[in-house]
Amino acid sequence: MKRVGASPKKGLLLYGPPGCSKTLSAQAMATEVGFNFFAVKGAELLNMYVGESERAVRDVFARARAASPSIIFFDEIESIGSKRSGRNNGVNVLTTLLNEMDGIETLKGVTVLAATNQPQALDLALLRPGRFDKLLYVAPPDLEGRKEILKVRQRTMDMADDVDISRLAELTDGYSGAELVGICQTACDDVMEKCEKTGEELQVHMEDFLNAIKLVKKQITPKLIEGYEKWAAGARGDTD
């Protein structure tokens with residue numbers, strides 16, 4: 001990067017439907033690279049007294065600079081980064097965030113990650129170069145991804161031999177990772193009730209999973225996905 005005169009990205013925005021592991025991806029990234037990791041939940045900042053929210057944001061950036069190389073992760077960034085209306089202290093928090101990311105004091109050795117389910121609510125000033133200038137869409141898991149999630153859950157579940165992971169992955173097309181975990185938990189709950197009634201130690205069978213799929217409703221719709229695509233096109237300035 002030095003040779004070609006490039007600078008590292010300051011901000012990376014993870015956006016996409018809820019339950020698709022945006023937060024988990026950020027945690028995994030911090031663990032993988034071995035950087036110091038500072039996590040901030042946007043909604044918690046707005047619950048503070050007037051002036052405390054801004055001070056908390058400045059404090060996080062100060063600690064991250066002192067501990068660089070480091071990563072600051074803002075979960076639910078829309079809570080403090082929504083479009084300015086002038087009606088609440090969120091405006092001051094947003095201004096503080098913008099100044100810390102691209103202000104007088106240079107942000108060196110610090111990468112800012114953020115996650116949101118509502119990118120369309122974000123103030124456009126956050127997306128200009130020097131702030132969140134890299135956008136990454138975190139989609140619902142594909143077929144292979146769903147298989148892997150189910151296999152991970154299989155390690156901690158007493159599954160019967162008739163459980164077909166590949167078939168379950170096919171039947172859960174469009175489900176989020178969180179909803180897949182919900183299906184596994186629902187199947188376990190059903191089996192535990194049977195164990196209490198029969199007094200036997202029963203395994204989780206394919207039938208239990210099929211019943212659980214009927215109970216756990218899929219929240220991600222084609223219209224929701226289309227909304228993210230339209231927003232991304234607008235944020236990139238696509239004209240097609």
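# Exercises on a predicted fold

Strand 1 and strand 4 run parallel to each other and are paired over 5 bridges. The exercises below start from this pairing in a predicted model and work outwards to the helices and loops.

## Exercise 1: The sheet

**Task.** Determine in what order the 5 strands form the open sheet, and which strands are the edge strands.

**Solution.** Step 1: begin with the pair already introduced, in which Leu 13 has Ala 114 of strand 4 as its bridge partner.

Step 2: turn to strand 3, which pairs with strand 4 in the parallel sense over 6 bridges, and where Phe 74 stands opposite Ala 114 in strand 4. Ala 114 is thus a bridge partner of Leu 13 and also lies opposite Phe 74.

Step 3: continue to strand 2, which is joined to strand 3 by a parallel pairing over 6 bridges; here Lys 41 has Asp 75 in strand 3 as its bridge partner.

Step 4: put the pairings together to read the order 2-3-4-1-5 for the open sheet, with parallel pairing. The edge strands are strand 2 (36-41) and strand 5 (134-137), each of which pairs on one side only. Ignoring direction, neighbouring strands of this sheet are turned by 20° against each other on average.

## Exercise 2: The surroundings of the sheet

**Task.** Establish how many residues of strand 4 are buried, and which strands are touched by helix 1.

**Solution.** Step 1: apply the cut-off for burial, which is a relative accessible area under 20%. In strand 4 (residues 110-116), 6 of the 7 residues are buried, so the strand is largely enclosed by the rest of the structure.

Step 2: look at helix 1, which packs on the sheet and touches strand 1, strand 2, strand 3 and strand 4, while its direction makes about 170° with that of strand 3.

Step 3: add helix 3, which lies across strand 2, strand 3 and strand 4 and runs at about 155° to strand 3.

## Exercise 3: Two helix contacts

**Task.** Work out at what angle helix 8 packs with helix 9 and at what angle helix 6 crosses helix 8, and classify each arrangement.

**Solution.** Step 1: recall that two packed helices are described by the angle between their axes and the distance between the axes.

Step 2: for helix 8 (residues 177-198) and helix 9 (residues 206-215), the angle is about 120° and the axes are 8 Å apart. Angles of 65 to 115 degrees count as roughly perpendicular and those over 145 as roughly antiparallel; helix 8 and helix 9 are therefore oblique to each other. Their crossing is right-handed. Helix 8 contributes Ile 183, Cys 184, Thr 186, Ala 187, Asp 190, Val 191 and Lys 194 to the contact, and helix 9 contributes Asp 208, Phe 209, Ala 212, Ile 213 and Leu 215. Sorted by class, the residues of this contact of helix 8 with helix 9 are 8 nonpolar, 1 polar and 3 charged.

Step 3: for helix 6 (residues 143-154) and helix 8, the axes come within 10 Å and cross at roughly 40°. Helix 6 and helix 8 are therefore oblique to each other as well, and helix 6 passes helix 8 in a right-handed crossing. The residues making the contact are Arg 146, Ile 149, Leu 150 and Arg 153 from helix 6, together with Gly 177, Leu 180, Val 181, Cys 184 and Gln 185 from helix 8. By class, the contact of helix 6 with helix 8 holds 5 nonpolar, 2 polar and 2 charged residues.

## Exercise 4: Individual residues

**Task.** Decide whether Glu 100 is buried or exposed, and find what the sign of phi is at Ser 21 and at Glu 76.

**Solution.** Step 1: locate Glu 100 in helix 5 (residues 90-102). Glu 100 has a relative accessible area of 13% and is therefore buried. Leaving aside residues up to four places away in sequence, Glu 100 touches Val 57, Arg 58, Phe 61, Arg 65 and Leu 107.

Step 2: examine Ser 21, in the loop between strand 1 (11-15) and helix 1 (22-33), where phi is near 75°, a positive value in a residue other than glycine. Its relative accessibility is 33%, so Ser 21 counts as partly exposed.

Step 3: treat Glu 76 likewise, in the loop between strand 3 and helix 4 (78-81), with a positive phi near 55°. Glu 76 is partly exposed, its relative accessible area being 27%.

## Exercise 5: A peptide bond

**Task.** State which configuration, cis or trans, the peptide bond from Ser 68 to Pro 69 has.

**Solution.** Step 1: place Pro 69 in the loop between helix 3 (52-66) and strand 3 (70-75). Step 2: read omega, which is near 5° for the bond from Ser 68 to Pro 69, and this peptide bond is cis.

Definitions and conventions. Residues are numbered from 1 along each chain as its sequence is written. This is a predicted model: local features need pLDDT of at least 70, side-chain atom pairs count only at pLDDT 80 or more; totals for chains, interfaces and linings use all residues. Side-chain values use heavy atoms; hydrogens and water are left out. Helices (H or I, at least four residues) and strands (E, at least two) are DSSP runs, numbered from the N terminus. Buried means under 20% relative accessible area, exposed over 50%, partly exposed in between (1.4 Å probe, protein chains only). Two strands pair if DSSP finds at least two bridges between them. Axes are lines fitted to C-alpha atoms, for helices over the stretch in contact, and angles run from 0 to 180 degrees between N-to-C directions. Angles under 35 degrees count as roughly parallel, over 145 as roughly antiparallel, 65 to 115 as roughly perpendicular and the rest as oblique. A crossing is left-handed if the near helix is turned anticlockwise from the far one by less than a right angle, and right-handed if clockwise. Contact means heavy atoms within 4.5 Å. Ala, Val, Leu, Ile, Met, Phe, Trp, Tyr, Cys and Pro count as nonpolar, Asp, Glu, Lys and Arg as charged, and the others, Gly among them, as polar.
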